[in-house]
Amino acid sequence: MSYKILPLQTNRQERNKFQIPLNTIYFCGNSLGLCPIESEKVVNQIIQEWEQNHIHSWNLAIQLPLKVGNKIGKLIGAEENETIIADSTSINLFKCLGTSIAIQKIKNPNRRSILLDRENFSNDLGLLKLLSTDEYKVRYFDDENQLEDFLNDDVVCILLSHVNYHHGKLYNIKKITEMVHKVDAFIIWDLCHSVGSVPINLTEVNADFAVGCTDKYLNSSPGAPAFIYVNKKHQNVTWQPLTGWLGHQSPFKMSKDYEPIVGIKNFLVGTPEVLPISIIDCSVEITLDAGMQLIRKKSLALGDLFIFLMTEKCPSFKLVTPFEYEKRESHLSYQHENANEISKWMRKRNIYSDFISPDILIFAMTPLYTKFVDIWNAIENISDIVKNVESKNFDESCVSLN
Ligand SMILES: *Cc1c(COP(=O)(O)O)cnc(C)c1O
């Protein structure tokens with residue numbers, strides 16, 4: 001194995017746009033991004049607008065889901081009016097699944113299987129229960145290599161996370177989308193762990209559907225609503241299953257008959273979450289300004305440094321994420337038998353990473369604000385903690401090292 005450490009500048013300009021917690025090293029950006037300084041201002045603006053303009057403040061607010069959706073569209077290579085902000089990722093998955101099934105009922109009416117990655121975060125298949133599970137069957141695959149065997153002319157659609165949250169493996173969007181299209185099935189990409197971290201081009205691969213959250217690498221506040229992408233070719237064929245008033249052609253007519261609005265707005269259900277969407281609006285700007293190519297370059301360089309130093313200083317940690325660039329994203333999963341205890345001691349030293357039971361630690365680097373020196377300092381500390389944990393020689397005095 002050889003290591004290349006790229007001499008890349010940390011972009012201080014971008015880091016200065018975030019509230020960086022004092023004396024803290026933060027590797028949880030894949031779970032909750034840090035707070036953009038601008039967000040307080042934009043939230044206050046919305047509140048002022050509401051105070052001053054009462055009912056008229058709707059006029060601006062109602063346009064936000066599509067306006068901000070189109071901004072996210074630029075990060076994922078969507079065309080205009082293919083991306084919109086609405087609801088949570090789980091709910092958007094439901095809409096994508098329902099729409100896939102409805103379109104395939106017209107196109108390939110005899111198909112019955114839905115493919116799902118066994119380790120998928122969101123095995124949210126309530127829809128199948130609604131449709132009666134006898135009618136459709138879910139088939140689980142364990143790895144990309146098995147997919148070819150699972151793809152046949154019975155497949156309606158496949159739901160796959162671009163990055164597996166557990167071991168951090170990045171799947172090849174182009175290769176897999178092509179494979180799925182060969183059997184005339186649809187693919188729903190879950191981009192939760194890749195949007196804002198990896199350049200994505202959904203138009204290039206002619207992807208069908210995608211969803212993703214905004215509170216991870218897009219730094220848009222806890223529980224900010226998610227986005228949904230629907231390729232133009234699938235808009236207006238039928239309507240999505242969660243028929244709410246805002247997806248209606250004339251929402252304010254309050255008509256008893258459902259007439260779907262033409263285009264991506266049909267994927268709205270009800271009133272948009274205006275305050276958090278205004279935060280997404282400003283935080284996505286930071287990512288767009290920095291540019292996905294540069295973000296990816298720094299992400300890989302940070303990852304290289306991390307892997308290099310861990311190999312040198314913490315050899316008892318085993319890297320679970322693939323080493324190759326094309327198979328890794330910005331998060332690295334490590335296995336260690338004392339992972340839980342080590343992570344508790346790390347937190348006492350203000351070093352934050354995610355622990356997944358029973359023995360995985362996830363270190364997510366966010367190129368917008370993670371510094372190379374953070375990695376150096378973190379691993380110096382982790383190495384010291386590991387020594388103490390392994391020799392069971394821990395006392396409170398160990399907490400103070402920095
Ligand atoms: C974070 C995450 C979600 C979150 O789903 P919500 O419904 O928005 O809570 C879903 N899927 C994946 C893969 C995630 O990482």
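The following exercises, each with a worked solution, concern the two domains of a predicted model and two of its buried residues.

In this predicted model, local features need pLDDT of at least 70, side-chain atom pairs count only at pLDDT 80 or more, and totals for chains, interfaces and linings use all residues. Residues are numbered from 1 along each chain as its sequence is written, and side-chain values use heavy atoms, with hydrogens and water left out.

**Exercise 1. State which residues form each domain and how far apart the domain centres are.**

Step 1. Domain 1 consists of 14-37 + 291-398, and domain 2 of 40-289; such bounds come from an automatic or database domain assignment.

Step 2. Taken over C-alpha atoms, the centres of domain 1 and domain 2 are separated by 30 Å.

Step 3. To the contact (heavy atoms within 4.5 Å), domain 1 contributes 35 residues and domain 2 contributes 27 residues.

**Exercise 2. Describe the area buried between domain 1 and domain 2.**

Step 1. The size of an interface is often given as the accessible area lost when the parts come together. Here buried area is the accessible area (1.4 Å probe) that two parts lose on being put together, summed over both.

Step 2. Between domain 1 and domain 2 this amounts to about 2500 Å², with 60% of it on carbon and sulfur atoms.

Step 3. On the side of domain 1, Pro36, Met292 and Glu329 lose the most area to domain 2, together 23% of what that side buries.

**Exercise 3. Count the salt bridges and the residue pairs in polar contact across the interface of domain 1 and domain 2.**

Step 1. The rule for a salt bridge (a side-chain nitrogen of Lys or Arg within 4 Å of a carboxyl oxygen of Asp or Glu) finds 1 across the interface.

Step 2. For polar contact, a pair of N or O atoms must lie within 3.5 Å; within protein, one must be able to donate a hydrogen and the other to accept it, and residues adjacent in sequence count only if both atoms are side-chain atoms. Across the interface, 12 residue pairs satisfy this, both residues being at pLDDT 80 or more.

**Exercise 4. Determine whether Ser113 and Asp304 are buried or exposed, and name a polar partner of each.**

Step 1. Buried means under 20% relative accessible area, exposed over 50%, and partly exposed in between (1.4 Å probe, protein chains only).

Step 2. Ser113 has a relative accessible area of 0% and is therefore buried; its side chain is joined to that of Asp154 by a polar contact of 2.6 Å.

Step 3. Asp304, at 1%, is likewise buried, and its side chain makes a polar contact of 2.4 Å with the side chain of Tyr325.
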